[in-house]
Amino acid sequence: MTMVRAAAGVLLGWLIATSAPGFEALHAQGNATTAAAAAETPAARELRMRWWREARFGMFIHWGLYAVPAGEYQGKREKEIGEWIMSWANIPRAEYEKFAPQFNPTAFDAGEWVRIAKAAGMKYIVITSKHHDGFSMFDSAVSQYDLVDSTPYKKDIMKALSAEAKRQGLKFCFYYSIMDWHHPSQTADDVKKHPTAGDRKTKIDPARKAEYVTYMKTQLKELVTAYDPAVLWFDGEWVDWWTEPDGQALYAYVRELKPSLIVNNRVGKGRKGMEGLSKDDQHYAGDFGTPEQQIPVSGLKGVDWETCMTMNDTWGFKSYDENWKTSETLVRQLVDAASKGGNYLLNVGPTAEGRIPGPSVERLAAVGRWMQVNGEAIYGTTASPFAAPLPWGRATSKPGMLYLHVFDWPTNGELKVPAFGHTVTAATLLANRGAKVAIATSAEGVTLRLPSAPPDPIATVVAVQVQ
């Protein structure tokens with residue numbers, strides 16, 4: 001950190017300490033802005049959420065200092081996820097900080113990363129700006145513990161990614177952890193651990209909570225004003241000291257910074273565990289639900305949600321995790337999410353050198369080949385009109401169109417489609433648009449006569465025109 005940056009940091013810290021409102025004032029400010037946000041009209045909310053609902057498919061990127069140990073510490077390997085190594089390996093802050101001088105991602109190429117996402121058919125990128133370990137992957141004026149000041153790399157990767165995403169037509173978004181294992185206000189809740197190690201929960205010094213909230217808000221303002229994200233994706237909200245009023249106030253604050261921002265439900269306390277959808281006993285902060293590693297059993301009318309999934313068993317890079325999902329699984333999960341009215345946020349965990357692992361790249365390319373043919377059956381679609389699950393696959397819909405995603409091809413060539421209240425006028429295969437599909441209508445529904453073999457064994461899409 002240069003003397004100029006150090007002086008600026010000291011000055012800014014003094015300004016925050018002397019001018020930041022007290023915690024009660026923060027909540028009063030938040031309550032006032034929450035009321036304004038609650039006054040958003042349905043039409044205004046529809047406009048704000050429209051691109052996100054139409055996108056359906058995004059890339060999650062978990063990247064930070066945890067990529068250096070890559071799942072191994074002092075010869076110890078665990079089944080636990082890579083980005084939690086500071087917790088499961090019980091690493092004190094002072095020891096974990098030693099990974100920063102080893103983090104030098106000289107192979108990072110913003111253009112390549114965005115091209116990989118775009119070629120896969122993804123419409124937005126969500127990257128970790130600060131994970132639970134507290135390390136800022138952007139150039140923060142209120143922390144020296146960041147990519148520019150603490151690593152030999154020195155460059156602001158987020159600036160490069162934000163600019164490149166905009167150039168290639170993808171939305172750029174940030175993940176940000178509320179829980180912070182590095183901040184001095186917090187200590188491990190587990191008495192068996194080193195007080196400054198990572199932990200599933202942290203305790204906070206009540207006298208320093210307002211200080212930490214101000215620190216978060218300052219960093220979030222840096223992220224919003226310097227990098228112009230479209231979504232703020234919060235996490236780590238499950239700690240006992242974070243409350244729903246805290247979440248409401250923080251939601252209001254970031255929406256005031258940028259009214260078009262979309263914010264997930266992990267900003268507050270409404271999330272129902274890994275199921276991710278919001279509880280319905282009151283109004284909770286956030287714009288969409290966040291199922292993790294799972295997809296709801298059925299569609300949820302009028303509910304915005306996005307499931308986040310790993311390609312193997314970890315989010316952050318772990319060198320020995322080779323339990324990769326197949327391309328078939330990934331495509332079908334994408335289809336499944338869209339058929340239930342949700343988005344699919346698929347994760348990559350880059351290496352400390354700045355490379356997206358080869359198996360991830362290969363699978364994304366395979367998904368992209370499927371999307372090139374069938375993307376119209378995903379983008380801008382709404383949930384299946386069928387109340388009961390379809391035995392052979394999934395369905396998505398648009399006005400005047402029904403898309404049948406056939407996983408299990410009928411051996412007799414006849415696809416039975418239950419009645420759904422609309423008249424079918426024509427049908428074709430997206431993989432062979434010139435081939436018309438014969439239609440037979442009965443009281444039970446529609447029978448479509450398909451070719452003897454599917455053009456795509458993973459999921460062949462039948463595009464059906466309806467009145």
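This section describes the surroundings of D180, the two cysteines C173 and C308, and the pairing of strand β13 in a predicted model.

D180 is found in the loop that connects β5, spanning residues 171-177, with β6, spanning residues 186-188. Although this residue belongs to a loop, D180 has a relative accessibility of 1% and is therefore counted as buried, the cut-off for that class being under 20%. A polar atom of the D180 side chain lies 2.8 Å from the backbone nitrogen of H182, a separation that falls within the 3.5 Å used for a polar contact. When neighbours within four places in sequence are left aside, the residues in contact with D180 are K130, H132, G134, Q186, Y212 and Y215. Of these contacts, Q186 carries a number that falls in the range given for β6 (186-188).

With regard to the cysteines, the count of disulfides in the model comes to zero. C173 takes part in no disulfide, and the cysteine sulfur nearest to that of C173 belongs to C308, at 14 Å, whereas a disulfide would require the two sulfur atoms to be within 2.5 Å. The corresponding statement holds for C308, which is likewise in no disulfide and has the sulfur of C173, 14 Å away, as its nearest cysteine sulfur. Both side chains are placed in covered surroundings by the accessibility values: C173 is buried, because its relative accessible area is 0%, and C308, at 1% relative accessibility, is so classed as well.

Strand β13, formed by residues 401-406, is mostly covered, with six of its six residues buried. M401, Y403 and H405 point to one side of β13, while L402, L404 and V406 point the other way, and residues of both sets are buried. The strand is paired with two others, β12 and β19. Strand β12, residues 393-398, runs antiparallel to β13 and is joined to it by six bridges; within this pairing, S397 stands opposite L402. The hairpin made by β12 and β13 has two residues between the strands, and in this hairpin G400 adopts a positive phi near 85°. Strand β19, residues 460-466, also pairs with β13 in the antiparallel sense, over six bridges, and here L404 of β13 is found opposite V462. L402 and L404, which are named in these two pairings, belong to the set of β13 residues that point away from the side taken by M401, Y403 and H405.

Notes: Residues are numbered from 1 along each chain as its sequence is written. This is a predicted model: local features need pLDDT of at least 70, side-chain atom pairs count only at pLDDT 80 or more; totals for chains, interfaces and linings use all residues. Side-chain values use heavy atoms; hydrogens and water are left out. Helices (H or I, at least four residues) and strands (E, at least two) are DSSP runs, numbered from the N terminus. Buried means under 20% relative accessible area, exposed over 50%, partly exposed in between (1.4 Å probe, protein chains only). A polar contact is a pair of N or O atoms within 3.5 Å; within protein, one must be able to donate a hydrogen and the other to accept it, and residues adjacent in sequence count only if both atoms are side-chain atoms. Contact means heavy atoms within 4.5 Å. Two strands pair if DSSP finds at least two bridges between them.
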